[in-house]
Amino acid sequence: QVQLVESGGGLVQPGGSLRLSCAASGSIFNNDVMGWYRQAPGEQRELVASINGGGTTEYADSVKGRFTISRDNAKKTVSLQMNSLSPEDTAVYYCNVNQWRWGIPTNYWGQGTQVTVSS
């Protein structure tokens, strides 16, 4: 089992920055993909950014050049640095770990942290 605890959300003005962090406990291996998703009211949950143990990253087009995902394999943490935030970034952000064990995928989710971008 994997448990994920997020921190760092809050209220920020347009153009501002926030840093989200997620600490994992349990069995995390370097080939597990860690990432961040978000869900705005009335919208589907969407991938924001992901990173594998080798450091390969993937970003949603809407955040490229503004957000940076990073990972510390030894500490089992994943972070999301968010710059140049806009009201369209307002959502609940969820930490995610995607594991494959014996050919079976499992997704673990954090409880979510609210990010609100407003003046």
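Hi everyone, this is a short walk through one structure, from a strand sheet to a core and then to a few individual residues. Please keep in mind that what you see is a predicted model.

Let's begin with the sheet. Four strands form an open sheet in the order E1-E3-E8-E7, and the pairing is antiparallel. Which strands stand at the edges? They are strand E1, residues 2–7, and strand E7, residues 67–72. Each has a single partner strand, so one side of each is left without a neighbour in the sheet. On average, neighbouring strands here are turned by 15° against each other, with direction ignored.

Now look at one pairing inside that sheet. Strand E3, which covers residues 18–26, pairs with E8 in the antiparallel sense over 6 bridges. If you want one bridge to find on screen, go to Leu20, whose bridge partner in E8 is Leu80.

Leu80 also takes us to the core. The largest nonpolar core has 29 residues, and those touching the most other members are Trp36, Leu80, Met82 and Tyr93. Which elements supply this core? At least two residues come from each of E1, E3, strand E4 (33–39), strand E5 (46–51), E7, E8, E9 and strand E11 (113–117). As general background, nonpolar side chains tend to be buried together in soluble globular proteins.

Let's zoom in on Tyr93. Leaving aside neighbours within four places in sequence, Tyr93 is in contact with a list of residues that includes Trp36, Leu80 and Met82. Leu20, from our bridge a moment ago, is also among the contacts of Tyr93, and so are Glu6, Val48, Phe67 and Val115.

Next, a polar residue in strand E9: Asn96. Is Asn96 buried or exposed? With 3% relative accessibility, Asn96 counts as buried. The side chain of Asn96 makes a polar contact with the side chain of Asn107, at 3.1 Å. Setting aside neighbours within four places in sequence, the contacts of Asn96 include Leu4, Val33, Met34, Gly35 and Tyr108. Tyr37 and Trp109 are among those contacts too, and they lead us to the aromatic rings.

How many aromatic pairs are there? The count comes to 2. In one of them, the rings of Tyr37 and Trp109 have their centres 5.0 Å apart and their planes at 70°, so the pair is edge-to-face. This pair links distant parts of the chain, with Tyr37 in strand E4 and Trp109 in strand E10 (residues 104–109), 72 residues apart. Tyr37 counts as partly exposed at 22% relative accessibility, and Trp109 is partly exposed with a relative accessible area of 35%.

Tyr94 and Trp109 also form an edge-to-face aromatic pair, at 6.5 Å centre to centre and 90° between the planes. Here Tyr94 sits in strand E9 and Trp109 in strand E10, 15 residues apart. Tyr94 is buried, with a relative accessible area of 15%. Together, Tyr37, Tyr94 and Trp109 form one aromatic cluster.

One last stop, away from the strands themselves. Where is Ser86? Ser86 is in the loop between strand E8 (77–82) and strand E9 (91–101). The C-alpha atoms of Ser86 and Pro14 are separated by 4.9 Å, although these residues are 72 residues apart along the chain. Not counting residues up to four places away in sequence, Ser86 touches Arg66 and Val117.

That's my tour; thanks for listening!

Notes: Residues numbered from 1 in each chain as written. Predicted model: local features only at pLDDT ≥ 70, side-chain atom pairs only at ≥ 80, totals over all residues. Heavy atoms only, no water. Contact = heavy atoms within 4.5 Å. Pairing = 2+ DSSP bridges. Axes fitted to C-alpha atoms, helices over the stretch in contact; angles between N-to-C directions. Core = buried A, V, L, I, M, F, W, Y, C linked by side-chain atoms within 4.5 Å. Buried < 20%, exposed > 50% of the residue type's maximum accessible area, 1.4 Å probe, protein only. Polar contact = N/O pair within 3.5 Å; in protein donor to acceptor, adjacent residues only side chain to side chain. Phe/Tyr/Trp six-rings, centres within 6.5 Å; stacked < 30°, edge-to-face > 60°.
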